[in-house]
Amino acid sequence: MNRPALSPKMIRTLVACAFLAAAVLFAQSQDALREVTRPIVLALLRIVGIAAKDQGEMMSIGNLNVPWTRDCAGMNLLIIMLALAVWVNRDEENKKKFWLRVTLTFPAALAANVLRVFSLIGYRWLAYPAVESPQMHYFLGFFWMVPFISMITPRSDKPRAHAWLETLHAAATVSLLTPALGMPNGSMVAIAAIIALAQCRIRLDHLPLRAPLTVAWLVVGGLVATMNMESFWLPWLLCCPCFIDLRWALKPPGALVLLSTHALFAMQSWAPYIGWSAIAFAVWKLTDHSSETNTHNENFSTESRNAPQSQLIRRAIIIACIPCFIAPFLASTLLSLHQPRWQPPASVESRILENKGFEIRLPNQPDNMALVCYGPEGNDRHHTLKVCLKYRGTDLTPSDENPIVFTDGEHWMRECFFQNNQLLMTYHDYLASTFAPRSHPGVHFIFITPKDRMTPNEFAEKSKAFAEAFHKICTTDQEMGKP
């Protein structure tokens with residue numbers, strides 16, 4: 001049987017996606033917004049009488065030193081908003097309106113990012129000497145997208161509130177993907193999430209089934225927050241009964257795509273064989289039945305709008321969904337406000353760093369090797385070393401000689417973790433150890449040495465030996481009841 005030809009709308013969307021992919025690749029090597037956003041921020045600060053200086057990778061604002069990263073420049077926010085503009089306008093009949101909304105994304109992203117940077121500066125000023133957590137960083141990006149959503153959200157036959165909620169749901173989902181990209185098989189997680197998002201619209205059919213499922217979904221969200229199971233946030237958000245196509249989700253390909261958005265599944269060595277197969281099949285089904293799906297959704301929106309109980313249900317959905325979209329970003333911070341700060345053993349020499357960090361000096365530690373440790377931000381797990389440093393403006397690549405050793409071009413670095421009295425030498429082991437509910441996130445160890453002082457294998461061996469020595473000191477002091 002002949003496959004149906006691609007519709008003009010799908011071709012247009014694919015062209016826009018190709019442009020977006022090119023923007024992502026371009027952004028990996030250079031940040032085109034770097035020299036646009038920073039002068040605006042500095043000029044506005046000086047207008048209101050705040051002393052601000054550009055120091056390259058840092059901004060000096062009064063007594064604050066604010067690192068200037070790729071996120072501050074706004075490229076990530078622009079990419080997210082471009083993806084949202086393409087996504088929410090994929091069914092727009094008027095191609096001029098489609099491209100106009102995509103174009104309006106550029107000034108909207110610039111304005112949203114300037115406001116986000118000011119929010120981060122204000123947060124640092126209020127919380128000094130503490131700095132924002134990655135979750136707060138991502139939340140502020142999500143928060144400032146909201147006022148500009150109306151610029152890219154089309155007016156359709158569906159209720160306006162439905163269109164806004166669908167866009168907010170997509171924005172929250174895409175924002176959660178930022179840290180996921182640095183985890184094992186992160187690209188599979190991201191593509192699976194986008195495929196699942198393609199099945200998400202406001203849905204009011206089968207209300208006797210969706211109503212109790214929504215209540216159960218809210219309860220599960222509360223458990224995810226209180227039991228510190230952050231790896232569930234992304235699949236939980238995608239499985240919202242108010243949005244997900246239940247027929248798609250209950251079929252094996254859909255269920256496997258949703259499963260592929262979970263960190264614990266993605267970290268398994270065999271996961272890519274299952275995940276990528278499910279993704280390939282789901283993409284084939286989307287292109288094969290695109291016209292049929294769009295017609296069903298349009299008819300469904302009209303029927304839902306004309307249902308007698310639609311007004312009451314719509315208000316209930318808005319009340320339930322908006323705090324749910326915020327929960328993945330703020331839950332761990334709010335639930336850990338009084339959590340004690342991790343301190344290194346008093347028996348070792350240490351120096352306090354910002355962001356709950358310490359520089360450690362162990363007995364016989366060589367001068368050319370540094371050890372820094374970071375306690376948890378709230379109840380959330382630590383991110384990988386690669387993600388942590390990317391958040392601070394540094395890109396790492398694994399060494400050719402030893403993949404557990406990374407480099408920024410000048411130094412060798414490797415990570416390990418101290419969690420539940422265990423020394424965990426890989427992020428894979430750390431994820432497995434912290435997956436249990438209420439697991440403490442533990443402490444992130446990072447070893448650093450100049451590249452010209454030793455080979456990657458030598459560095460891996462020495463750092464492992466000192467990690468074991470520090471682990472022994474920590475456990476011994478705990479057993480003896482020392483601080």
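## Strands, rings and cores in a predicted model

Strand S9 and strand S10 form a hairpin with two residues between them, and asparagine 420 in the turn has a positive phi of about 55°. This comes from a predicted model. S9 covers residues 411-419, and S10 covers residues 422-424. The two run antiparallel and are joined by three bridges. One facing pair is glutamine 419 and glutamine 422, the latter in S10.

**S9 and its other partners**

S9 also takes part in a hairpin with strand S8, where three residues lie between the strands and glycine 409 has a positive phi near 105°. S8 (residues 406-407) pairs with S9 in the antiparallel sense over two bridges. Here threonine 407 stands opposite tryptophan 412 of S9. Tryptophan 412 has a further neighbour: the charged end of lysine 451 sits over its ring, 5.0 Å from the centre.

S9 is also joined to S11, by eight bridges, and these two strands run antiparallel. Arginine 414 faces phenylalanine 447 of S11 in this pairing.

Is S9 enclosed by the rest of the structure or open to the outside? Eight of its nine residues are buried, so S9 is largely enclosed by the rest of the structure.

**From S11 to S6 and S5**

S11 (residues 443-450) pairs with S6 as well, in the antiparallel sense over five bridges. Cysteine 373 stands opposite phenylalanine 445 in S11. S6 (residues 370-374) in turn pairs with S5 (residues 357-361), again antiparallel, over four bridges. In that pairing, cysteine 373 in S6 is the bridge partner of phenylalanine 358. Cysteine 373 therefore has a bridge partner in S11, phenylalanine 445, as well as phenylalanine 358.

The strand pairings described so far can be set side by side.

| Strands | Sense | Bridges |
|---|---|---|
| S5 and S6 | antiparallel | four bridges |
| S6 and S11 | antiparallel | five bridges |
| S8 and S9 | antiparallel | two bridges |
| S9 and S10 | antiparallel | three bridges |
| S9 and S11 | antiparallel | eight bridges |

**Aromatic rings**

The model has nine aromatic pairs. In one of them, the rings of phenylalanine 265 and tryptophan 270 have centres 5.7 Å apart and planes at 75°, so this pair is edge-to-face. Phenylalanine 265 is buried, with a relative accessible area of 8%, whereas tryptophan 270, at 43% relative accessibility, counts as partly exposed.

A second pair is made by phenylalanine 417 and tyrosine 430. Their ring centres are 4.2 Å apart and their planes are at 15°, so the pair is stacked. This pair links distant parts of the chain: phenylalanine 417 belongs to strand S9, tyrosine 430 to helix H19 (residues 427-434), and 13 residues separate them. Both phenylalanine 417 and tyrosine 430 are buried.

Elsewhere, Trp217, Trp233 and Trp236 form one aromatic cluster.

**Nonpolar cores**

In soluble globular proteins, nonpolar side chains tend to be buried together. In this model the largest nonpolar core has 73 residues, and among these Phe243 and Phe325 touch the most other members. Helix H4 (residues 75-88) supplies the largest share of this core, 10 residues.

What does phenylalanine 243 touch, not counting residues up to four places away in sequence? Its contacts are Leu165, Glu166, His169, Gln199, Cys200, Arg201, Ile202, Arg203, Cys321 and Phe325.

A second, separate core holds 23 residues, including Met369, Cys373, Phe418 and Ala467. Cysteine 373 is thus a name met before, as the residue opposite phenylalanine 445 in S11.

**Helix H9**

H9 runs over residues 186-197. At 1.5 Å a residue, its 12 residues should span 16 Å, and the end C-alpha atoms are 16 Å apart, which agrees. Nine of the 12 residues are buried, so H9 is largely enclosed by the rest of the structure. The buried residues are Gly186, Met188, Val189, Ala190, Ala192, Ala193, Ile195, Ala196 and Leu197.

**The protein as a whole**

The secondary structure comes to 20 helices and 11 strands. Of the 483 residues in the protein, 50% are buried. Among contacts with a separation of 6 or more, 70% are between residues 24 or more positions apart.

Note on methods: Residues numbered from 1 in each chain as written. Predicted model: local features only at pLDDT ≥ 70, side-chain atom pairs only at ≥ 80, totals over all residues. Heavy atoms only, no water. Expected span 1.5 Å × (residues − 1). Buried < 20%, exposed > 50% of the residue type's maximum accessible area, 1.4 Å probe, protein only. Phe/Tyr/Trp six-rings, centres within 6.5 Å; stacked < 30°, edge-to-face > 60°. Lys NZ or Arg CZ within 6 Å of the ring centre and 35° of its normal. Core = buried A, V, L, I, M, F, W, Y, C linked by side-chain atoms within 4.5 Å. Contact = heavy atoms within 4.5 Å. Pairing = 2+ DSSP bridges.
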